[in-house]
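Here is a short set of exercises to work through with the model open beside you. Try each task before you read its solution.

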Amino acid sequence: MTARGKDFVEELPGRHEEGWYAALIAKAELADYSPVRGCMVIRPYGFALWENMQALLDKRFKATGHRNAYFPIFVPESLLLREAEHVEGFSPQVAWVTEAGGEKLDERLAIRPTSEAIIGTMYSKWVQSWRDLPILINQWANVVRWEKRTMPFLRTTEFLWQEGHTAHRAADEAQEETMRMLEVYRDFVETELALPVIKGRKSEAEKFPGADATYTIEALMPGGRALQSGTSHFLGQNFARAFDISFQDLDGERRLAWTTSWGLSTRVIGATILEHGDDGGLVLPPRVAPVQVAILPIWGGKGADRGAVRDAAERLQRELSNTTRVEVDWSEEKQIGWKHNEWTLRGVPIRLELGPRDIASEQAILVRRDDPNIGRPEKRAVPWTSLAGTIGRTLEDAQSGLFKRALAAREAQTRISNTLDEFTQIMDGPRGFIRAHWCGAAVCEARIKEKTGATIRCLPLDEPAEEGTCIVDGRSSYARALFARAY
Ligand SMILES: [Zn+2]
């Protein structure tokens with residue numbers, strides 16, 4: 001390893017050291033801090049990751065009958081005030097526009113923290129008859145929620161997301177939609193991001209302001225903290241009543257619609273970084289990696305035939321680009337050790353070395369990013385003729401390997417606790433998920449949060465019924481809730 005290469009790795013703190021996450025985001029050029037406090041700039045490499053995620057999610061939305069639209073970023077105050085619980089929940093985080101065009105506005109405008117109010121207002125116009133239902137719309141947008149403490153991707157004042165908003169004729173249809181989209185999120189996050197999640201319902205205290213019920217997918221990060229990765233809300237008729245989304249039904253009666261909303265944000269980029277990253281930097285799941293294969297030419301010493309290396313690299317790039325996202329590192333001044341470190345840092349799933357000797361034997365040296373031995377990964381010579389097939393299989397294998405590794409880590413970090421003392425010890429120590437009995441009372445939930453910092457992440461949908469007693473007050477409980485400290 002070259003001196004320069006060594007320095008390069010040493011600059012990144014170890015995976016479990018303070019500062020690893022922030023340093024990695026900066027060095028891998030995913031994002032940068034902006035002049036606006038709490039707002040980040042998503043740099044091209046980070047945005048390419050988001051674009052890949054968007055494409056895979058958007059395909060799923062379209063396949064389940066949704067269409068994209070766009071609504072304004074400004075929400076007049078009078079609209080936001082219409083749903084009382086909703087405005088109460090969001091008002092501490094709303095940024096307001098009070099002046100524009102050199103004049104004070106008659107009515108201040110909220111910069112959307114979410115779009116139920118503006119979209120509900122439009123649905124009220126569009127829905128007149130049962131024939132107008134369902135409405136199945138998604139929007140890709142930015143939202144603003146004023147945050148006191150921020151962390152790139154995980155919690156920022158402005159962030160990117162998608163928000164689906166649907167209106168239905170009947171309650172069971174809206175409930176079905178809520179669960180369908182929760183499953184879309186689970187499938188997306190587990191299949192494409194290799195992040196195992198637990199599906200469940202939020203407690204009353206943790207649900208979306210204005211919803212009848214909120215469902216969530218919860219992931220567990222290596223530091224033992226949970227990360228809410230997507231939510232789907234059954235809004236009942238609360239927003240339909242507030243915004244008058246009503247229709248004439250088959251029997252001539254005027255009825256209120258049933259609505260849902262669901263969202264997933266750039267937070268999942270943070271989850272992907274945290275879950276799979278290691279001492280060397282990012283480890284990106286192949287399905288969303290902006291670059292899946294990096295070809296690293298080794299130019300050889302003085303008098304070596306650089307032209308032959310160049311031709312071979314071009315040829316391989318051309319062949320592989322039909323099936324994979326491939327890039328050649330054409331730089332000539334960097335040593336191979338330095339190049340390895342750089343592509344390791346950027347989390348590219350496969351690196352292919354190509355030097356004069358490899359060209360003579362028509363092969364390339366394949367190195368996997370998910371090899372746990374970062375400093376000395378296994379190097380495998382692959383003949384050019386079988387390269388495309390080998391790469392395809394290796395990418396699949398890396399994708400499923402990351403998921404299995406994350407799942408095993410989560411299982412190892414999931415504990416059962418039957419007393420509040422034991423619960424507290426776990427939260428002061430290794431943290432992780434705790435499955436514990438809870439009677440359903442908000443006061444017990446608040447007591448646990450105050451004493452341990454843990455919240456109910458969800459009431460898991462597949463949690464088996466089990467009689468027990470609440471760890472706070474000993475009252476009856478019929479299933480365990482899932483607790484953790486959260487990001
Ligand atoms: Zn209790």
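Helices and strands here are DSSP runs, with at least four residues (H or I) for a helix and at least two (E) for a strand, numbered from the N terminus. One more point before starting: the model is predicted.

**Exercise 1. Overall build**

Describe the fold's make-up and decide whether its radius of gyration agrees with that of a compact globule.

Solution. Begin with the elements: the protein has 15 helices and 25 strands. Next, take the extent along the principal axes, where the C-alpha atoms fill a box of roughly 85 × 55 × 45 Å. Now turn to the radius of gyration. For 487 residues, a compact globule would come out near 23 Å; the protein has 26 Å, which agrees.

Then look at burial and surface. Counting residues under 20% relative accessible area as buried, 54% of the 487 residues qualify. The accessible surface comes to about 21900 Å², and carbon and sulfur atoms hold 50% of that. Finally, consider contacts between residues at least 6 apart in sequence: 69% of them join residues at least 24 apart.

**Exercise 2. The largest pocket**

Find the largest pocket, its central residues and the elements that line it.

Solution. Start with the volume, which is about 1600 Å³. The lining has 50 residues, and E147, R155, Q228, R267 and Y487 are the closest to the pocket's centre. Two or more lining residues come from each of α5 (84-90), β8, β11 (226-234), β14 and β22 (455-460). Sorting the lining by class gives 15 nonpolar, 19 polar and 16 charged residues.

**Exercise 3. Enclosed space**

How many cavities of 30 Å³ or more does the structure hold, and what lines the largest and the second largest?

Solution. A useful starting idea is that rolling a probe the size of a water molecule over the atoms shows where empty space is left. Here the structure holds 3 cavities of 30 Å³ or more.

- The largest has about 70 Å³ of space. Its lining consists of E116, I119, G120, Y123, H165, T166, L235, F239, I245, T259 and T260. The elements giving two or more residues are α6 (116-126), β8 (158-168) and β14 (258-265). Of the elements, α6 gives the most, with 4 residues. By class, this lining has 5 nonpolar, 5 polar and 1 charged residues.
- The second largest has about 50 Å³ of space. T344, R351, R368, R369, D371, N373, I374 and P377 form its lining. These residues divide into 2 nonpolar, 2 polar and 4 charged.

**Exercise 4. A helix and its neighbours**

Which residues of helix α2 are buried, and which elements do they pack against?

Solution. Helix α2 covers residues 20-27, and within this helix W20, Y21, A23, L24 and I25 are buried. Those buried residues pack against β1 (31-33), α9 (267-276) and α11 (336-345). Past the helix comes E29, which has a positive phi, near 60 degrees.

**Exercise 5. Backbone geometry in loops**

Inspect A194, D244 and the bond between L133 and P134, then say what sets each apart from the general pattern.

Solution. First recall the background: most residues other than glycine have a negative phi, and most peptide bonds are trans.

1. A194 has a positive phi, near 55 degrees. A194 sits in the loop between α7 (171-192) and β9 (198-201). With 0% relative accessibility, A194 counts as buried.
2. D244 also has a positive phi, near 55 degrees. Its loop runs between α8 (238-243) and β12 (246-248). D244 is partly exposed, because its relative accessible area is 45% and that class spans the values between 20% and 50%.
3. L133 and P134 are joined by a cis peptide bond, with omega at about -5 degrees. P134 belongs to the loop between α6 and β7 (135-144).

**Exercise 6. The surroundings of E362**

Is E362 buried, exposed or partly exposed, and which residues does it touch?

Solution. Locate E362 in the loop between α12 (356-360) and β18 (363-368). E362 has a relative accessible area of 47%, so it is partly exposed. Leaving out residues up to four places away in sequence, E362 touches P383 and W384. As a last step, compare sequence with space: E362 and A381 are 19 residues apart in sequence, and their C-alpha atoms are 9.8 Å apart.

Terms used. Residues numbered from 1 in each chain as written. Predicted model: local features only at pLDDT ≥ 70, side-chain atom pairs only at ≥ 80, totals over all residues. Heavy atoms only, no water. 1 Å grid on protein atoms, 1.4 Å probe; cavity = no way out; pocket = protein on both sides within 12 Å on 5 of 7 lines; lining within 4 Å. Points joined across faces, edges and corners; volume = space filled by probe spheres on them. Nonpolar A, V, L, I, M, F, W, Y, C, P; charged D, E, K, R; others polar. Rg over C-alpha atoms; globule rule 2.2 N^0.38 Å. Buried < 20%, exposed > 50% of the residue type's maximum accessible area, 1.4 Å probe, protein only. Contact = heavy atoms within 4.5 Å. Areas by Shrake-Rupley, 256 points an atom, 1.4 Å probe, with all protein chains shown as cover.
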